[in-house]
Amino acid sequence: MKMKKYLLTVFYILVLSAPLLSSAHDGGHGPKVTNVGLFGGLMTAVVSESDRVKGAHANLIYKAEIVKNLDGAVRIYLYDKKMKPLDLANFAKSADAVLISFVDGKEITSTFKLNLDKKNYLGTAPKPASKPFNIDIVFHENDKKYLAAFDGLDE
């Protein structure tokens, strides 16, 4: 009887904790975004940089799309919550980006800049040490800092 109770307890713990474990990384550093990019790129949430540790529970502020060419050229488009392109007049003329890859369990990072190019940010990403890789970007709008984290990129 004790073994049966033990097994039932373990079963319930596993069943109840499964949603917590699976949602821990949904959306990377923000809530999951399901929109399709207007330029064929991948979408992610833009959250306050100070909320990066909140994961999927961070408040969605904007949405971002990344379009990456095979030669490393990266374009970032920013949208409001309804996918209307943002007016970037109040954004800084450059954004800080970091490419993150993993080799033998060790994190390898490379930083690069994205420059404001009329209606988007443009830059060249370094070659990743492995695939898949992540690109995190910090944007400045007036005195606010925002984070867009694109996870699981492979091209």
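**Exercise 1.** List the residues that leucine 78 touches, not counting residues up to four places away in sequence.

*Solution.* Start with the criterion: contact means heavy atoms within 4.5 Å. Leucine 78 then touches Val46, Lys63, Ala64, Lys84, Pro85, Leu86, Leu88, Phe91, Tyr121 and Phe139.

The model is predicted: local features need pLDDT of at least 70, side-chain atom pairs count only at pLDDT 80 or more, and totals for chains, interfaces and linings use all residues. Residues are numbered from 1 along each chain as its sequence is written, and side-chain values use heavy atoms, with hydrogens and water left out.

**Exercise 2.** Find which residues have the most contacts inside the largest nonpolar core, and which strands supply at least two residues each.

*Solution.* Step one is the term. A nonpolar core is a set of buried Ala, Val, Leu, Ile, Met, Phe, Trp, Tyr and Cys residues joined through side-chain atoms within 4.5 Å. Buried means under 20% relative accessible area, exposed over 50%, and partly exposed in between (1.4 Å probe, protein chains only).

Step two is the core itself. It has 25 residues, and Ile76 and Leu78 have the most contacts inside it. At least two residues each come from strand 2 (62-68), strand 3 (73-79), strand 4 (94-103), strand 5, strand 7 and strand 8 (144-153).

Step three: another core lies apart from it, with 10 residues, among them Met43, Ala58, Tyr77 and Met83.

**Exercise 3.** Decide whether serine 130 is buried or exposed, then place its side chain.

*Solution.* Serine 130 counts as buried because its relative accessibility is 18%. Its place is the loop between strand 6 (120-124) and strand 7 (133-141); strands (E, at least two residues) and helices (H or I, at least four) are DSSP runs, numbered from the N terminus. The side chain of serine 130 reaches the backbone oxygen of phenylalanine 102 at 2.7 Å. Beyond its neighbours within four places in sequence, serine 130 is in contact with Ser101, Phe102 and Val103.

**Exercise 4.** Work out the exposure class and the contacts of serine 110.

*Solution.* Locate it first: serine 110 is in strand 5 (residues 106-117). Its relative accessibility is 25%, so serine 110 counts as partly exposed. Leaving out residues up to four places away in sequence, serine 110 touches Ala97, Val98, Leu99 and Pro126. Finish with a distance: serine 110 and alanine 125 are 15 residues apart in sequence and 8.5 Å apart in space, C-alpha to C-alpha.

Terms used. A polar contact is a pair of N or O atoms within 3.5 Å; within protein, one must be able to donate a hydrogen and the other to accept it, and residues adjacent in sequence count only if both atoms are side-chain atoms.
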